Amino acid sequence: MKLLPLVLAASLTALAACATAPASDAVLQQTASLMVSIGQHGEGMSGADISDIAAQLDAQVAAAPGDPYVLKLAAQSRRALSDYSQDRAQRVELRHTALAELDKAITLSKPADPARKVMLNGMESEVGFRDLADLRASLLHQVTTDR
């Protein structure tokens, strides 16, 4: 099964839903949609599919490089994506990139920053920063043990 058409369709749907929102809200929603797609279609992805999704995450981060909310979701998405990779080098690269994104999100965020809303699986969900340190610690453990 080729995952790319499904992910592109989900991204286009999210983009249409966010057409009237500020640009960073649209990027945040697109990143959330990619995260959902990874969760729904991750098993059985080929290395090429994983690379395609990683490139889409790169585009989302490039569109909002200073948005800690986007960085957090991109990092979580990469971490989930890395769990599906059968290629050790690809898995390690995804996890290192995710760790760098979490570090940047930690640097750019403040604990008092309000949560932002996104749609995940048709339900409104909030993206906040209370769990950033725990996410980073867990990912760092994966990075250091996957050598």
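In what order do the elements of the protein run from the N terminus on? They go α-α-α-α-α-β-β-α, which comes to six helices and two strands. Keep in mind as you look around that this is a predicted model. Of the 147 residues, 44% count as buried. Among contacts with a separation of 6 or more, 71% are between residues 24 or more positions apart. As for the outside, the accessible surface is about 7,600 Å², and 58% of that belongs to carbon and sulfur atoms.

Let's start inside. The largest nonpolar core has 31 residues, and the ones that touch the most other members are Leu-28, Ile-53, Leu-57, Leu-81, Leu-102 and Leu-139. Helix H2 (23–41), H3, H4, H5 and H6 each give two or more residues to this core. H4 gives the most, with seven.

So what does H4 look like up close? Take Leu-73, which is found in this helix. Leu-73 has a relative accessible area of 3%, so it is buried. Leaving out residues up to four places away in sequence, Leu-73 touches Leu-28, Thr-31, Ala-32, Met-35 and Val-127. Its C-alpha is 9.8 Å from that of Ser-33, although the two are 40 residues apart in sequence. Leu-28, for its part, touches Tyr-69, Val-70, Leu-73, Arg-116 and Val-118, with the same sequence neighbours left out.

Not everything tucked away here is nonpolar. Arg-78 also lies in helix H4, and because its relative accessibility is 2%, it counts as buried. What does Arg-78 touch, not counting residues up to four places away in sequence? The list is Ala-54, Leu-57, Asp-58, Val-61, Leu-94, Thr-97, Ala-98 and Glu-101.

Now follow the chain to H5. This helix covers residues 88–108, and at 1.5 Å a residue its 21 residues should span 30 Å; the end C-alpha atoms are 30 Å apart, which agrees. At the N-terminal end sits a cap from Asp-87, with a side-chain oxygen 3.2 Å from the backbone nitrogen of Ala-89. The buried residues of H5 include Leu-94, Ala-98, Leu-102 and Ala-105. An α-helix has 3.6 residues a turn, so residues three or four places apart point the same way. Charged residues are on the buried list of H5 too, among them Arg-91, Arg-95 and Glu-101. The buried residues of this helix pack against helix H3 (47–63), helix H4 (68–84) and helix H6 (132–145).

That brings us to the charged pairs. Side chains of opposite charge can pair when their charged atoms come close. How many salt bridges are there? The count comes to nine. One of them joins Arg-95 and Asp-83, at 2.8 Å from N to O. Arg-95 lies in helix H5 and Asp-83 in helix H4, so this pair ties together parts that are twelve residues apart in sequence. Arg-95 is buried at 7% relative accessibility, whereas Asp-83 is partly exposed at 44%.

Arg-116 makes a salt bridge with Asp-25, the closest N and O atoms being 2.8 Å apart. Here the pair ties together parts that are 91 residues apart in sequence, because Arg-116 lies in strand S1 (residues 116–120) and Asp-25 in helix H2. Arg-116 counts as buried at 18%, while Asp-25 is partly exposed at 30%. Asp-67 joins Asp-25 and Arg-116 in a network of salt bridges. Finally, Lys-117 meets Glu-124 in a salt bridge at 4.0 Å, N to O, and Glu-124 is exposed, with a relative accessible area of 55%.

How values were computed:
Residues are numbered from 1 along each chain as its sequence is written. This is a predicted model: local features need pLDDT of at least 70, side-chain atom pairs count only at pLDDT 80 or more; totals for chains, interfaces and linings use all residues. Side-chain values use heavy atoms; hydrogens and water are left out. Helices (H or I, at least four residues) and strands (E, at least two) are DSSP runs, numbered from the N terminus. The expected span of a helix is 1.5 Å times one less than its number of residues. Buried means under 20% relative accessible area, exposed over 50%, partly exposed in between (1.4 Å probe, protein chains only). Contact means heavy atoms within 4.5 Å. A polar contact is a pair of N or O atoms within 3.5 Å; within protein, one must be able to donate a hydrogen and the other to accept it, and residues adjacent in sequence count only if both atoms are side-chain atoms. A nonpolar core is a set of buried Ala, Val, Leu, Ile, Met, Phe, Trp, Tyr and Cys residues joined through side-chain atoms within 4.5 Å. Accessible areas come from the Shrake-Rupley method with a 1.4 Å probe; for residues, only the protein chains shown count as cover. A salt bridge is a side-chain nitrogen of Lys or Arg within 4 Å of a carboxyl oxygen of Asp or Glu.
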